[in-house]
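Some labels applied to a structure rest on explicit thresholds. The questions below ask how such labels are reached.

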Amino acid sequence: MLVTTGLSVVMLFVLTSLAGSRIAGVREWGQANGLAVLALLLAAARGIVPDFLSIEVGNGLFLVAISLMLAGFRRHLGLAVPVRAMAIGGALALAALVTFHYGVDSVPLRTVSMSIYHGAVCFTIGWSIPLAVDARLRYSHLFTKAVAFALAFGHLVRGSAYALQAEVPLSFLDPSTQNLVFFALGTLALPGLTLGAVMMANARVIAETAYAADHDHLTGAPSRRAFFALAEREHARAGRRGSRLALLLVDVDHFKRINDTHGHGVGDQVLRDLVRHAQDVIRKIDYCARLGGEEFAVLLPDADRDTALAVAERLRAALDRSLQLAAPAIRVSYTVSIGAALLEEGETFASLMTRADTALYAAKTAGRNRVMCAPPTTPGMHTQGAVGDLQG
């Protein structure tokens, strides 16, 4: 019990270090381990302190502690906390504990009453944890789910074993192998669940940090950093397989005028609206990212000229929009200009970007709200003057 108390103290320190992360559930897990330390010390003091403290108070603290673990997991996963069910179940378990202490003094039946509640909570924890889609969360979820179900099964076996021995007089610290194994199960359950909780919290911190690094905080679109990392991979793949690759550069027309006229808050709404509608228009394999300011890029894997220009035109048409602001009388319209370029054999991605940027500049110069395609540089390839104009 003292070793387990030490483990709970260590877990409490680890959880305290995560308090500043604002990860949901950490507070409840910390409170659970704090209560577990008190409960274990009371249990270890059996025969030194009054039985009421070591039995009723100690087990009551354990009931609250395991309930807080469940509450922490549910909050961490964004699920509702079953407060009413926990309160009713805990009250019934505590009432049974009192009955089998002062009514019929039976250690086995007290153990059964505690095992039922703890087993139900552990099962609920395991059932609540989904198999994460994100690979960064998968292992921690799977580990904790397995621990919770294993503990639930262990409590089921423990409760069943003691229920069959209800008439056998046993002491709390009976030295039999069965009693020691089941006692260890009960005391080590919270550290085991806390280890899983710490793993899940740590995985969440890593996942959120990675997401923040790879996504624009304003629009939620992939960041410039993430875009170029993916673009280099797609460029290398196109080189290895001889597949096609196209790039669209998208720029909001007269964006400075929107900011100057309506304020930067409205400009931010325009950028968010652009990303939301762009994602609805482009293909599922395409990749739209914010490069900075009002400029965005769309990478089109396995896209020939006709496909790239069709996607670009759909995108231009979808982003010829008018936004209704909070004030009913105010509407803000915006359009985009798009420059397109197709990767040529042996071309670097930097060169592809330069040609797409040149096409974007041509679209701006030609009057905006249009798509322009950079001509091929390889002799003999299809050309349409200096720059192809789809808008006319």
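**Reasoning from value to label**

Q: Why is Tyr102 called exposed?
A: In this predicted model, Tyr102 has a relative accessible area of 51%; since the term exposed requires over 50%, Tyr102 therefore counts as exposed. Tyr102 lies in helix H4.

Q: What makes up the nonpolar patch on the surface, and which helix gives the largest share of it?
A: The patch is formed by Phe52, Leu53, Leu94, Val98 and Tyr102, which together have about 430 Å² of accessible area. Helices H3 and H4 (83-103) each supply at least two of its residues, and the largest share, three residues, comes from H4.

Q: Why does Ser67 count as buried?
A: Ser67 has a relative accessibility of 13%, and buried means under 20%, so Ser67 meets the criterion. Ser67 is placed in helix H3 (residues 51-76) and, leaving aside neighbours within four places in sequence, is in contact with Met86 and Tyr117.

Q: How do you know that strand S1 is largely enclosed by the rest of the structure?
A: Strand S1 (residues 245-252) has eight residues, and eight of the eight are buried, so the strand is described as largely enclosed. Both faces are covered, with Leu245, Leu247, Leu249 and Asp251 buried on one side and Ala246, Leu248, Val250 and Val252 buried on the other.

Q: Which strands pair with S1, and in what sense?
A: S1 pairs in the antiparallel sense with S3 (residues 295-301) over seven bridges, where Asp251 stands opposite Glu295. Seven bridges also join S1 to S6 (residues 336-342), again antiparallel, and the bridge partner of Val250 in S6 is Ile338.

Definitions and conventions. Residues numbered from 1 in each chain as written. Predicted model: local features only at pLDDT ≥ 70, side-chain atom pairs only at ≥ 80, totals over all residues. Heavy atoms only, no water. Helix = DSSP H or I, 4+ residues; strand = E, 2+ residues; numbered from the N terminus. Buried < 20%, exposed > 50% of the residue type's maximum accessible area, 1.4 Å probe, protein only. Contact = heavy atoms within 4.5 Å. Pairing = 2+ DSSP bridges. Patch = residues over 30% accessible without salt bridge, like charges linked within 9 Å, V, L, I, M, F, W, Y side chains within 5 Å. Areas by Shrake-Rupley, 256 points an atom, 1.4 Å probe, with all protein chains shown as cover. Salt bridge = Lys/Arg side-chain N within 4 Å of Asp/Glu carboxyl O.
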